[in-house]
Amino acid sequence: MVPLNWYIILSAVIFMIGAAGFLIRRNVFIMLMSLELMLNAVNISLVAFSHYLQDLKGQIFVIFIITVAAAEAAIGLAIIVSLYRNKQKIHTDEIAEMRG
Amino acid sequence: MTKYAFIPLLPLIGFIITILFGARFLRDKTHYVSIAAVFGSFVLSVNTFIEVATHAIKTPLYINVLDWIFSGTFKVSFGLMIDPLTAIMLIVVTSVSLLVHIYSVGYMHGDTGYYRFFSYLNLFTFSMLMLVTANNLLQLYFGWEAVGLCSYFLIGYYINKKSAADAGKKAFIVNRFGDFGFGLGVIMVFLYIGSINYVDIFANVNTLAGKTVSIFGSEYDLVTVISLLLFCGAVGKSAQIPLHVWLADAMEGPTPVSALIHAATMVTAGVFMVARFNPLFDLSPVAMGVVAITGATTSLFAATIALVQNDIKRIIAYSTVSQLGYMFLACGVGAYGAGVFHLFTHAYFKALLFLCAGSVMHAMAGELDIQKMGGLKKYMPVTFWTFMIASISIAGVPPLAGFFSKDEILWLAYNGGKVGKLVWIMGTIVAGLTAFYSFRIVYLTFFGTFRGTHEQEHHLHESPKSMTVPLMILAVGAICAGWVGIPSLLGGSNWIGEQFFHGVFKHPHVTASHAEEWMVIAISVIVACGGILVATYFYFWNTELPKKVGAQFQGIYKVLWNKYYVDEIYSATIVKPTFWIANKILVGFTDAKIIEGIVNGVPKLIGIIGDKLRKIQTGYLQHYAVGMAIGLFVILTIVLISGLK
Amino acid sequence: MTLPQMFFIYFAISMTSLALLIITARNPVNSVLWMLAMFFHIAALYLFLNAEFLAAVQLILYAGAILVLFLFVIMMLNLKDEIKDRKFIKSWPIGAALAAGIMALIYFPISKMIHGPLGQYTIEAIKADTNTKALGMVLYTDYLFPFEVASFILLIAIVGALVLAKRRV
């Protein structure tokens, strides 16, 4: 029997790897994909909880998270397209118009 | 509301109506409203006086009209105190005010600020009536300050003249010096008696006797300290040394103002206050000695200055200071009744002197220098005769009013111990000087040949009825006002001293014999007549003599003419250093550096901080994300550590 | 070590290495492909946890729709030169250190975790009804309102994407 802790630690590891990817990469696409990775890690932990606590709430929540992730990916990509059209740049450390 | 409350209230209503509607609607008719108001007060005052004199009402009568401040143990109401002292002051204030109002109709005719003058006169009458009818120290202080304020308004009435504005400021500021001490006195009374209502003060004044208060480490007798502090206010208000400098300059105001405020009413507020608080002063021989010596010294000081001045109003102003010194002299030796009696008679002959001077100025088209007048007797008979009556009265020749009150003071001073004898000698000298300078004016102005310009000579005429009728009424007062206090030695009953003021003042004890009393009266009369004779010699028979004497005693003449250089001394020692402190320290340092520093520095500081904080916004997405991650790390650490405990 | 545990260890190792490959790939297309592999592993894990419906949804949606969308956009932008630059930002150690630090912090509570009360949907009950039907029963009764809201979110996403990516006419 796989203990619940293992699933959660796996989820945490993948989440942190996704966070690290978000924090250290220049390419905007990779950043978006790190976001998706984080969301998926959370999904794993939710499903694990749902299985071990014998409740379906976790899985319902996962459905909604997947929905929202899809919407967010679409909008994010639209923004990147718009950004590329205006700036011809997709590296985040070159885009700093809003500096104060 | 009792009928007594209308006495101060009517002039207040008059003021409000005239100040609101005077400019547009009433204009030349403003005097009807103000004279009606003061006449109403006068009628009520006469009624009150009769009630008090015939003992129709029981005095002292304390009435609370309107609750003012109720704060913990501090309870003050607007109220009235009716007793013989109040009654006589009411008569003085309302009668002189009424006559001055009527006189001003003619004097101020055609002036652009006509309505303003009458409203200020009404406001002043209201303030003075509040002062004399007060039944607590706070209302007295209110009236005190209000008369000072009205004096400022009225002295500076000619708003286009800088000298008038400066004189108004000087009066107010010098008064404030005295009022500071007065305020401290009021506070001390409250601290040690617990209330500032007269009812409580007079009931408990004996509890103060013997107590001491420590100031800067050394112990002083409490009653002396309080009395001296209250006396400070009187020194300022009644122009005694060293705060006398404002009264001469106050002559910049119109002459009716000088007659009302600086002769009969405001300056006598100091005497009134000392007389009102006589139970307190009686407990402190030191304070009474100070009062007497101050009064006598001021009297002598002012009389000597008046000898050589040439401005007719200034001579009369210094004469006022001198006579006020007499009143304080009386209070200082315990003869409060005599002091107030002199206040009563002085109001009439001094107001008369001022109004006659105004009449002369009116005829001379504003000329003040008596050296440029002369021989006006044939052009202005009414003015001449009334001025003569006033001068004889002030000189102290019987049976006119001034003799009886002055003699009472000198007689009671003679009985007042060592200090009393000293001030009696000084007072007698002053009586002589008074007679001299009063008749100096008479001779130089009304007798001899006219020394002015041809232009002025053509203009000379008697004043209109609105001005001469008050003069005549005041002349009657100057003659008869003293007859209420004829001493028993001369056949009278001294009604005012014995019966009217019975219960208000402690009767001063008389130790000298009847023979000495005759001697004192004889000396006064001789000195008075002697003064008149010397003046006649100098200014009527041998008119070249004054100049020769002046040339001989050049040094003394110069000192007297420059008023003992008091103004110059004050300017150098007080005024200039104050301006220096104001400019260098307060403006230069406190205002420019500290306050500007803070006012400018705070925005600058915020700018600097903002500048530094601005750098956090780098514009890089990952920097913001790192910030969030750091925050998360810190929160988790805190939660875990606090959870571990 | 039982068989399920050995399977789980395989999944753990492979998912971790796949995640690391995703974030360190130079070419975005490579990264997307690694992500595809990752999603397959996740779907397999869902199967492990008796969530068949979710496994199917994961594959259809994530692998089939979202990654395809990603690839479309990457290829549309036609980035040839950009991938020759350096991969990481200048201050990358800070990010990596932070992530590691937070991971360390999370590890300790999780290893000692105690879970809450058990619900009523036991594995047998779900198996009797099939996962899909059980989910449907719960979704359309207790969670109807969030369901409608989710549809609204999708509508907004459609409109938003269209508006943002439109060429100036």
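This passage describes chain B of a predicted model, from its overall composition to one strand hairpin and two residues of one helix.

The secondary structure of chain B consists of 26 helices together with four strands. When the C-alpha trace is laid along its principal axes, chain B spans about 115 × 65 × 55 Å. Of the 645 residues in the chain, 54% are buried, and the accessible surface of chain B amounts to about 27,200 Å², with carbon and sulfur atoms contributing 70% of that area. Contacts in chain B were also considered by sequence separation: among those between residues at least 6 apart in sequence, 79% join residues that are at least 24 apart. With regard to charge, chain B carries 40 positive and 31 negative side chains, and a distance of 8 Å separates the centres of the two sets.

Strand 1 of chain B, which covers residues 61-71, runs antiparallel to strand 2 of chain B, which covers residues 74-82, and nine bridges join the two. Within this pairing, Tyr62(B) has Met81(B) in strand 2 as its bridge partner, while Leu66(B) is partnered by Phe78(B), likewise in strand 2. The hairpin formed by strand 1 and strand 2 of chain B has two residues between the strands, and Gly72(B) in this hairpin adopts a positive phi near 70°.

Helix 14 of chain B, comprising residues 312-332, includes Lys313(B). Although Lys313(B) is buried, it takes part in no salt bridge, and the nearest side chain of opposite charge, that of Asp311(B), lies 7.2 Å away. Because a salt bridge requires a side-chain nitrogen of Lys or Arg within 4 Å of a carboxyl oxygen of Asp or Glu, this cut-off is the one that applies to Lys313(B), for which no salt bridge is found. When residues up to four places away in sequence are left out, Lys313(B) touches Met251(B), Gly253(B), Pro254(B), Thr255(B) and Ser258(B), as well as Phe354(B), Met361(B) and Leu368(B).

Ile316(B) is also located in helix 14 of chain B. Ile316(B) counts as buried because its relative accessibility is 1%, the limit for this class being under 20%. Again leaving out residues up to four places away in sequence, the contacts of Ile316(B) are with Lys350(B), Leu353(B), Phe354(B), Ala357(B) and Ile441(B). Phe354(B) is thus touched both by Lys313(B) and by Ile316(B). Between Ile316(B) and Leu471(B), the separation is 155 residues in sequence and 16 Å in space, taken from C-alpha to C-alpha.

Key:
Residues numbered from 1 in each chain as written. Chains lettered and ligands numbered in written order. Predicted model: local features only at pLDDT ≥ 70, side-chain atom pairs only at ≥ 80, totals over all residues. Heavy atoms only, no water. Buried < 20%, exposed > 50% of the residue type's maximum accessible area, 1.4 Å probe, protein only. Contact = heavy atoms within 4.5 Å. Areas by Shrake-Rupley, 256 points an atom, 1.4 Å probe, with all protein chains shown as cover. Lys, Arg positive; Asp, Glu negative; His and termini not counted. Charge placed at Lys NZ, Arg CZ, Asp CG, Glu CD. Pairing = 2+ DSSP bridges.
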